[in-house]
Amino acid sequence: MNKANNFQRIRELNYLQKAVLAAAILERMTPNYGLFSEATGFGDEQVFKNALNLCWEKLLLPKSKISLEKQIEKIEPNVPELSDFDMFGTYPAIDVSTALLGFIQGLMTKDDSEFVNVAKISQATVARYIEFLLMSEDITPDNKLVREHPLMQYEIDVLSELIDFVEGMGRITSESIKQLKAQAVSDGQTNIGLAIESA
């Protein structure tokens, strides 16, 4: 499966399917923020985890009185400024922030293009990480090298599997969401291949 295919497949999902897929992708991305936070002492990963858990709840129980605006207010002060940190990990941390804020915005405005963007941001994080790795080996990155890199191939495969899972899910229940979350992190690593410490 190539990546154009994946994005096309995501666009063909219904609103709720796109939303749970985006949340599953965020489960893979969020620990990147935790690793950045640990390394720099900046920000609170728990804010991100709580917000994502509340989003899952909102998807399951759309009528629940969860204030998504409040989650945005809590996340915003935890978004790092690139100029404040001289380390690669700042990029994935910003990507997580951008993806999660966009996702919450999408839930609030019922704009499912925000959910497609989460998958695009995740892939962009992987691409940037591959460029960083190549440059540290004195290799000039180009599109072909990035596209064919095992990490990118893996990202594309994982996304494809998550789409398969969502397509086959049927009704969204707390059980099917639990399975989807487990599937998202079943390999024990984030989208850029860093180990996720099990909670």
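**Exercise 1. Find Asn78 and describe its surroundings.**

Asn78 sits in the loop between helix H4 (68-75) and helix H5 (90-109). Helices here are DSSP runs of H or I with at least four residues, strands are runs of E with at least two, and both are numbered from the N terminus. Before we go on: this is a predicted model, where local features need pLDDT of at least 70, side-chain atom pairs count only at pLDDT 80 or more, and totals for chains, interfaces and linings use all residues. Residues are numbered from 1 along each chain as its sequence is written, and side-chain values use heavy atoms, with hydrogens and water left out.

*Step 1. Is Asn78 buried or exposed?* Its relative accessible area is 10%, so Asn78 is buried. The cut-offs are under 20% for buried, over 50% for exposed, and partly exposed in between (1.4 Å probe, protein chains only).

*Step 2. Which backbone atoms does the side chain of Asn78 reach?* One is the backbone nitrogen of Asp44, at 2.9 Å. Another is the backbone oxygen of Lys74, also at 2.9 Å. For a polar contact you need a pair of N or O atoms within 3.5 Å; within protein, one must be able to donate a hydrogen and the other to accept it, and residues adjacent in sequence count only if both atoms are side-chain atoms.

*Step 3. Which residues does Asn78 touch?* Leaving out residues up to four places away in sequence, Asn78 touches Tyr33, Phe42, Gly43, Asp44, Val47 and Phe48. Contact means heavy atoms within 4.5 Å.

**Exercise 2. Work out how H3 packs against H4.**

*Step 1. At what angle do H3 and H4 pack?* The angle is about 165°, and the axes are 10 Å apart. Axes are lines fitted to C-alpha atoms, for helices over the stretch in contact, and angles run from 0 to 180 degrees between N-to-C directions.

*Step 2. Turn the angle into a word.* H3 and H4 are therefore roughly antiparallel to each other. The scale goes like this: under 35 degrees is roughly parallel, over 145 roughly antiparallel, 65 to 115 roughly perpendicular, and the rest oblique.

*Step 3. Is the crossing of H3 and H4 left-handed or right-handed?* It's left-handed. A crossing gets that label if the near helix is turned anticlockwise from the far one by less than a right angle, and it's right-handed if clockwise.

*Step 4. List the residues that meet.* H3 brings Val47, Phe48, Ala51, Leu54, Cys55 and Lys58, while H4 brings Leu68, Gln71, Lys74 and Ile75. Sorted by class, that's seven nonpolar, one polar and two charged residues. Nonpolar covers Ala, Val, Leu, Ile, Met, Phe, Trp, Tyr, Cys and Pro; charged covers Asp, Glu, Lys and Arg; the others, Gly among them, are polar.

**Exercise 3. Look at the two partners of H2 treated here.**

*Step 1. Start with H3.* H2 and H3 pack at about 170°, with axes 9 Å apart. That makes H2 roughly antiparallel to H3. The residues of this contact divide into 12 nonpolar, four polar and three charged.

*Step 2. Go on to H9.* The axes of H2 (residues 15-40) and H9 (residues 174-184) come within 8 Å and cross at roughly 40°, so the two are oblique to each other. H2 passes H9 in a right-handed crossing. The contact is made by Val20, Ala24, Glu27 and Arg28 of H2 and Leu180, Lys181 and Ala184 of H9. Four of these residues are nonpolar, none is polar and three are charged.

**Exercise 4. Place Leu60 and Ser64.**

*Step 1. Where is Leu60 found?* Look in helix H3, residues 45-60. With 29% relative accessibility, Leu60 counts as partly exposed.

*Step 2. Which residues does Leu60 touch, not counting residues up to four places away in sequence?* They are Ile172, Thr173, Ser174 and Ile177. Take Ser174: Leu60 and Ser174 are 114 residues apart in sequence, yet their C-alpha atoms are 6.8 Å apart in space.

*Step 3. Move on to Ser64.* Ser64 lies in the loop between H3 and H4, and its relative accessible area of 17% makes Ser64 buried.

**Exercise 5. Check two residues with a positive phi.**

*Step 1. Lys110.* Lys110 isn't a glycine, but its phi is positive, about 60°. Lys110 is in the loop between H5 and helix H6 (113-136) and, at 59% relative accessibility, counts as exposed.

*Step 2. Asp138.* Asp138 isn't a glycine either, and its phi is positive at about 60°. Find Asp138 in the loop between H6 and helix H7 (143-148); with a relative accessible area of 74%, Asp138 is exposed.
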